[in-house]
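Open your viewer, switch on the cartoon, and keep the selection box handy. We will go from stop to stop, with something to select at each one.

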Amino acid sequence: MTIDLPQIHSGKVRELYDAGDNRLLMVASDRVSAFDVIMAEPIRHKGRVLSAMTVFWCNEMSDVVPGTLLAVDPGEIEARLPGISLPPEWAGRAMLVQRAEMLQMECIVRGYLAGQAHEEYVKSGTVHGAPMPAGLKLADRLAEPIFTPSTKATEGHDVNIDFSQAVNLVGGAAAEAARDICLELYRRAAARAADVGFILADTKFELGYVDGVLCLCDEVCTPDSSRLWPADQVVPGRTPPSFDKQPLRDWLAAQPWDRTPPPPRLPASVTTALSERYVAAYERVTGLALDDWYGATA
């Protein structure tokens, strides 16, 4: 996949291109990562699901926080970028967005005890350094959703931090604004998920400044950035089945692997199951068919 624009970043999942006039072209691939390591095998439809779900949530959340999305329709993108033709396989994966000055922390909201938060709680009774009630189990609902930021590592692993460390990292006003925005976004998304029988256990948001205004950036409430559980199958104390990439994490955790590159080869059973879960998550949460999204025949 090539295009006549300067490529400025290649991430775990996305490619970023400089589209001029303070804009970026962001293209979601079918790559999948776990434990901050990119797997060798692609997950079919994944990039389209991430883009489609992000657009859906940006529209749903626009009254809470402005987004940076300018265009996702391939024809509209090309109209905004004269002389540029998108590769056909980018349909439904490419988004033209405003460039933002990114807030240098990951904004995670947790409504349930899972993942690294559960691991920390088992060891110390805390989550991101904050004391938690005794007796909590894996997949227990927390009394209230909590804002649990982390550093944004350019290499290696992000580091979980408490709110006071977030204040030191980005400043008090920015940390408080990010917390308040993300808690409201989580409540909105969790309520929508609950309406269709899902639990949004946790999710990660990314925020950045455009002309001094804090905006919602990157992916929003996707299976890559969230834990999404079927509500009728959650049993506290057990790992719930997930419509996200937790099954990949669980499969990898059972392998003799130290979580450094290269990762184990993924069997077809894992990649197929992930693809089906990503598509099902999008269609169930949004009520829309992925076949109606751009690039359906790609």
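## Stop 1: Ser 124

Select Ser 124, which you will find in helix 3, residues 115-124. Keep in mind as you look around that this is a predicted model. Ser 124 counts as partly exposed, because its relative accessibility is 44%, and the cut-off for exposed is over 50%. Now add Ala 100 to the selection and draw a distance between the two C-alpha atoms. They are 37 Å apart in space, with their positions 24 residues apart in sequence.

## Stop 2: Met 95

Next, select residues 94-98, which form strand 7, and pick out Met 95 there. Is Met 95 buried or exposed? With a relative accessible area of 4%, Met 95 is buried.

To see what surrounds Met 95, leave aside its neighbours within four places in sequence and show its contacts. Among them are Leu 24, Leu 25 and Met 26, and also Ser 51, Thr 54 and Val 55. Leu 69, Ala 71, Val 72 and Ile 77 are in contact with Met 95 too. For a longer jump, select Asp 224: its C-alpha is 17 Å from that of Met 95, although 129 residues separate them in sequence.

## Stop 3: helix 1

Colour residues 46-60 to bring up helix 1. Helix 1 has 15 residues and reaches 21 Å from first C-alpha to last, close to the 21 Å expected at 1.5 Å a residue. Turn on the surface of the whole model and look for the helix again. Of its 15 residues, 13 are buried, so helix 1 is largely enclosed by the rest of the structure.

## Stop 4: helix 1 against helix 7

Keep helix 1 coloured and add helix 7, residues 268-286. Two packed helices are described by the angle between their axes and the distance between the axes. Here the angle is about 20 degrees, and the axes are 9 Å apart. Helix 1 and helix 7 are therefore roughly parallel to each other, and their crossing is left-handed.

Show side chains for the contact:

- From helix 1, select Lys 46, Val 49, Leu 50, Ala 52, Met 53, Phe 56 and Trp 57.
- From helix 7, select Tyr 278, Val 279, Ala 281, Tyr 282, Val 285 and Thr 286.

By class, the contact of helix 1 with helix 7 holds 11 nonpolar residues, 1 polar and 1 charged.

While you are here, step back to Pro 262, in the loop between helix 6 (246-253) and helix 7. Zoom in on the peptide bond from Pro 261 to Pro 262: this bond is cis, with omega near 0 degrees.

## Stop 5: helix 5 and its partners

Now select residues 172-195, the 24 residues of helix 5. Helix 5 reaches 35 Å from its first C-alpha to its last, close to the 34 Å expected. Its buried residues include Ile 181, Cys 182, Leu 183, Leu 185 and Tyr 186. Just beyond, look for Gly 197, which follows helix 5 and has a positive phi near 85 degrees.

How does helix 1 pass helix 5, and what is the hand of the crossing? The crossing is right-handed. The two axes come within 11 Å and cross at roughly 115 degrees, which makes helix 1 roughly perpendicular to helix 5. Phe 56, Trp 57 and Glu 60 of helix 1 meet Arg 188, Ala 189 and Arg 192 of helix 5. That contact has 3 nonpolar residues, no polar ones and 3 charged.

Swap helix 1 for helix 4, residues 163-170, whose axis comes within 7 Å of that of helix 5 and crosses at roughly 125 degrees. Helix 4 is therefore oblique to helix 5, and the crossing is right-handed. Phe 163, Ala 166, Val 167 and Val 170 of helix 4 meet Gly 172, Ala 174, Ala 175, Glu 176 and Arg 179 of helix 5. By class, there are 6 nonpolar, 1 polar and 2 charged residues in this contact.

## Stop 6: two aspartates in loops

Finish with Asp 36, in the loop between strand 4 (33-34) and strand 5 (37-38). Its phi is positive, near 65 degrees, in a residue other than glycine. Asp 36 is partly exposed, with a relative accessible area of 30%.

Then select Asp 218, in the loop between strand 14 (213-217) and strand 15 (226-230). Asp 218 has a positive phi of about 60 degrees although it is not a glycine, and it counts as partly exposed at 21% relative accessibility.

Definitions and conventions:
Residues are numbered from 1 along each chain as its sequence is written. This is a predicted model: local features need pLDDT of at least 70, side-chain atom pairs count only at pLDDT 80 or more; totals for chains, interfaces and linings use all residues. Side-chain values use heavy atoms; hydrogens and water are left out. Axes are lines fitted to C-alpha atoms, for helices over the stretch in contact, and angles run from 0 to 180 degrees between N-to-C directions. Helices (H or I, at least four residues) and strands (E, at least two) are DSSP runs, numbered from the N terminus. Angles under 35 degrees count as roughly parallel, over 145 as roughly antiparallel, 65 to 115 as roughly perpendicular and the rest as oblique. A crossing is left-handed if the near helix is turned anticlockwise from the far one by less than a right angle, and right-handed if clockwise. Contact means heavy atoms within 4.5 Å. Ala, Val, Leu, Ile, Met, Phe, Trp, Tyr, Cys and Pro count as nonpolar, Asp, Glu, Lys and Arg as charged, and the others, Gly among them, as polar. The expected span of a helix is 1.5 Å times one less than its number of residues. Buried means under 20% relative accessible area, exposed over 50%, partly exposed in between (1.4 Å probe, protein chains only).
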